[in-house]
There are 6 protein chains.
Amino acid sequence: MSAALTHLGAKGEANMVDVGDKAETTRTAIAEGLVSMRPETLKMILDGDAKKGDVLGTARIAGIMAAKRTHELIPLCHPLLLTKISLDIEPDATLPGLKVTALARVTGKTGVEMEALTAVSVACLTIYDMAKAVDRAMAISGIRLVEKTGGKSGDYKADAQGAGQ
Amino acid sequence: MSAALTHLGAKGEANMVDVGDKAETTRTAIAEGLVSMRPETLKMILDGDAKKGDVLGTARIAGIMAAKRTHELIPLCHPLLLTKISLDIEPDATLPGLKVTALARVTGKTGVEMEALTAVSVACLTIYDMAKAVDRAMAISGIRLVEKTGGKSGDYKADAQGAGQ
Amino acid sequence: MSAALTHLGAKGEANMVDVGDKAETTRTAIAEGLVSMRPETLKMILDGDAKKGDVLGTARIAGIMAAKRTHELIPLCHPLLLTKISLDIEPDATLPGLKVTALARVTGKTGVEMEALTAVSVACLTIYDMAKAVDRAMAISGIRLVEKTGGKSGDYKADAQGAGQ
Amino acid sequence: MSAALTHLGAKGEANMVDVGDKAETTRTAIAEGLVSMRPETLKMILDGDAKKGDVLGTARIAGIMAAKRTHELIPLCHPLLLTKISLDIEPDATLPGLKVTALARVTGKTGVEMEALTAVSVACLTIYDMAKAVDRAMAISGIRLVEKTGGKSGDYKADAQGAGQ
Amino acid sequence: MSAALTHLGAKGEANMVDVGDKAETTRTAIAEGLVSMRPETLKMILDGDAKKGDVLGTARIAGIMAAKRTHELIPLCHPLLLTKISLDIEPDATLPGLKVTALARVTGKTGVEMEALTAVSVACLTIYDMAKAVDRAMAISGIRLVEKTGGKSGDYKADAQGAGQ
Amino acid sequence: MSAALTHLGAKGEANMVDVGDKAETTRTAIAEGLVSMRPETLKMILDGDAKKGDVLGTARIAGIMAAKRTHELIPLCHPLLLTKISLDIEPDATLPGLKVTALARVTGKTGVEMEALTAVSVACLTIYDMAKAVDRAMAISGIRLVEKTGGKSGDYKADAQGAGQ
């Protein structure tokens, strides 16, 4: 792993890293995040889902669409041609709340960690938006990279309990 | 506080709430979030900042720009004319890591909670992006609404330790 | 004011109409469109909808999000602050296919016909996209303004059978 | 042709199809659409065109620019690197109205049907926008895929009179 | 005129200025810019224009569309509801080249200088793009604010020969 | 060098050039531009920079982000996967003012001149925006292509003093 912040130039200024000489390989990243809420908020979302799935379905679409715009949002991210992005949102009764997991894949010169993390973040924000009228105290936490494969820097797998939580 | 998910229609489908009859008032929202990391990662970012401020400066700009695009990212958010958005990023040695705080303000018919939360989220993602080469195990947590004033639903102030964490 | 600029349009070139002196009123527009398909394609979409609602739910979200970006897509449309946008998608066995209806509303200086029409168009395109693997011969037709209220040019209501079909 | 809706997962949820293993080939799609209007509206547009071409020229540019943003509008479309997009707009006295044809091409892993259809749709909407002050009853119809070459699913050519009309 | 850089906070960090307390007034800005080129390049563009107007027409549309996205491009610009944006492109035989003039207008809390300047810049870039195959040595110069009315900071009118050239 | 405007079709209409048959090679472009201002404005920006670097840092980020959106702004530009974009902003006491230089690189089928020129233009506009409260008479000039390598049309190097100034 590099010992320096790769986005800073010799004079410390921010710049996009040159990836022109990197190999085109298949790269996958999985990220996750949590939205914690009151039990009755979770019930209300899941009851809605039993009928029409709209909170979870809308959050999933928002995450997918945000992943495609990662390079517009994160200043030094390279544009890339995502070949796959999928989101999974599952209830977690012990939080209580929802767990969002995103998988991003590309055949390209750069990794897709930021795409997976952006998908998770925007899906969590969308859940917050749709339920905030009943629960303003929801919180988003545990956004982290779970797994990464492909690319020169090697594979990565997070600890089970999650770093930084 | 409303007892129903306001974004769901009579048949449970997702829709933008009609805000046409709401009053134009000044509305402010403050949100925060945390990026936890290894102590040496924090030191590297702050040392860079002592010289040029680029990780923190870039994250601040990314958050401001993302706030303006909230309605493009969150499907059921209304477009609005932000009159102010500011971000503050402070080191927190006990995490260790960085704490991002955003304030959004509008004179309009809808609140700006999502704008403040989106600014915080994208600033946190930008910090992750710029430091991920040295620390893939960073995590983003504690994204929540701290305070909200203006609008019909009344003011809101989160507990000191943060709900949902 | 420049004496040349005031003559723009006199030579026939495209320009945004000046709406600065128009009154701020509540304006509503309803538009509709049809996606015709083979009966088994419609059945497949509706069966999926019975379980998870994803084709229709995804198309509805896509239409809502596109409405907010109308001024980015249609060169001479003014930006505006939509207060409401809703979409309704109903099966029509006689087509056979789906009928998309969108309602857009604003309190502003310009009408929202284009927002309603753009929502309908993108929702229809999304339906096409999600079902094209089973039916490439689907067609989108009957995109038209159904009704319009508010604004100086007066109200408008289309004929029952639709002009131009 | 596939017998299932490829964008729905095992549980019926919407997702981007994984195209990572598809071959990079040259793929072309041609789509068309019609804007029907009153004869005097058509005459007004064509007379303007004889002088400056602005309605048709503006619609053509709008369609080209929209094609490049297809993946931002259609939730489950993959981003891709269009190598060509061209639009042709011809008067059709029998409608009366205008016929828009778009050709999109890519060397990539996914087809460009949606890009061609999006270009046609936005060009038609732009024509509507620029002429709506004189004719609110215009309608957009006949948006369909005319032809498609390249890719694993094989070539496709629509019937002469158009399916689904 | 303010004696400090208004976008920098107390600690020197970049932030959007709070315009919430500013009055809503009609504000207009006119900006201009020049594209200088070889005489034969100018002739080629104008000859094309005599027939179809495409270089100038395309540049005009690009400028209008860019003006609407100014707040997405310039980090600390406020979003606003442009009521008018128009562009004028005239040949200047003495350059030789083209002179682009843009007028932007809003009823709002902030000025529209950046919208007019962004429209001019993108129109000039579009001219460069469309003619670069025959003349890579074109240059864009003289981009400046010509005139500004409305708002608390008072009216402004540039010197005839242009400051800073 | 081509003897015709490549973006115009047989009938003179604007279209994207087909680059499908071009080879994928490494292409680099360097562009530059100048912002001239009063000496005290330059001093104020540089003094700010000595503390926090925010005007220059913000302009650099704005230029990088704009480069990634070039194909959204310039109607006939192809989307491409930038592998590198970097900006350098240096004071020039003789102007007095600031000189912006941008380098763009891609491995692809089209050149990156427009990406480098767009980065320069938006960085210059951002400098103007952040300093306009103290100096409305700033001007942007000398935007031009400095150097270009790779691609079929061959390398290009501008004269030292710059063409078209």
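## Strand to strand: chains A and B

In what sense, parallel or antiparallel, do strand β4 of chain A and β4(B) pair, and over how many bridges? In this predicted model, the two strands run antiparallel to each other, and 2 bridges link them. Each of them covers residues 139–149 in its own chain. If you want a spot to click on, try A:Ile143, whose bridge partner in β4(B) is B:Ile140.

## The rest of the A–B contact

The strands are just one part of what goes on here. Chain B puts 59 residues into the contact, and chain A puts in 59 residues as well. Between them the two chains bury about 5,000 Å², with carbon and sulfur atoms giving 67% of that area. On the chain B side, B:Leu5, B:Leu125 and B:Arg136 lose the most area to chain A, and together they make up 14% of what that side buries.

Now for the charged and polar pairs. There are 4 salt bridges across the interface of chain B and chain A. One of them is between B:Glu113 and A:Arg136, with the closest N and O atoms 2.5 Å apart. The same interface has 8 residue pairs in polar contact, counting pairs where both residues are at pLDDT 80 or more.

Which elements of chain B give two or more residues to the side that touches chain A? They are α1 (39–51), α2 (54–67), α3 (70–73), α4 (113–131) and β4 (139–149). The top contributor to that side is α4(B), with 12 residues. Sorted by class, the side of chain B that touches chain A comes out at 33 nonpolar, 13 polar and 13 charged residues.

## Chains E and F

On to another pair of chains. The contact between chain F and chain E takes 59 residues from each chain. The buried area is about 5,000 Å², 67% of it on carbon and sulfur atoms. In chain F the residues that lose the most area to chain E are F:Leu5, F:Leu125 and F:Arg136, which together account for 14% of what that side buries.

Here the interface has 4 salt bridges. Among them is the one that E:Arg69 forms with F:Glu72, where the closest N and O atoms are 2.9 Å apart. Polar contacts across the interface of chain F and chain E come to 8 residue pairs, both residues being at pLDDT 80 or more. The side of chain F that touches chain E draws two or more residues from each of α1 (39–51), α2 (54–67), α3 (70–73), α4 (113–131) and β4 (139–149) of chain F. Of these, α4(F) gives the most, with 12 residues. The class count for that side is 33 nonpolar, 13 polar and 13 charged residues.

There's strand pairing here too: strand β4 of chain E and β4(F) pair in the antiparallel sense, over 3 bridges. Within that pairing, E:Ile140 sits opposite F:Ile143 in β4(F).

## How E and F are related

What turn lays chain F on chain E? A turn of 180° with a shift of 0.0 Å along the axis does it, and the RMSD is 0.0 Å. The two copies are therefore related as by a two-fold rotation axis. To find that axis from chain F, look for F:Ser141: its C-alpha is the nearest one in the chain, 1.8 Å from the axis. Both copies use the same surface, as 100% of the contact residues of chain F recur in chain E.

## A salt bridge between B and C

Over all chains the salt bridge count comes to 77. One to look up is C:Arg105 with B:Asp18, at 2.8 Å from N to O. C:Arg105 is in strand β3 (residues 97–108) of chain C, while B:Asp18 is in the segment before β1 (25–36) of chain B, so this pair joins two chains.

## Two cis peptide bonds

Where in chain D is D:Pro96? It lies in the loop between β2 (82–92) and β3 (97–108) of chain D. The peptide bond joining D:Leu95 and D:Pro96 is cis, with omega about -10°.

Chain F has a cis peptide bond as well, between F:Leu95 and F:Pro96, where omega is about -10°. F:Pro96 is found in the loop between β2 (82–92) and β3 (97–108) of chain F.

How values were computed
Residues numbered from 1 in each chain as written. Chains lettered and ligands numbered in written order. Predicted model: local features only at pLDDT ≥ 70, side-chain atom pairs only at ≥ 80, totals over all residues. Heavy atoms only, no water. Contact = heavy atoms within 4.5 Å. Buried area = accessible area lost by both parts, 1.4 Å probe. Salt bridge = Lys/Arg side-chain N within 4 Å of Asp/Glu carboxyl O. Polar contact = N/O pair within 3.5 Å; in protein donor to acceptor, adjacent residues only side chain to side chain. Helix = DSSP H or I, 4+ residues; strand = E, 2+ residues; numbered from the N terminus. Nonpolar A, V, L, I, M, F, W, Y, C, P; charged D, E, K, R; others polar. Pairing = 2+ DSSP bridges. Least-squares fit on C-alpha atoms with pLDDT ≥ 70 in both.
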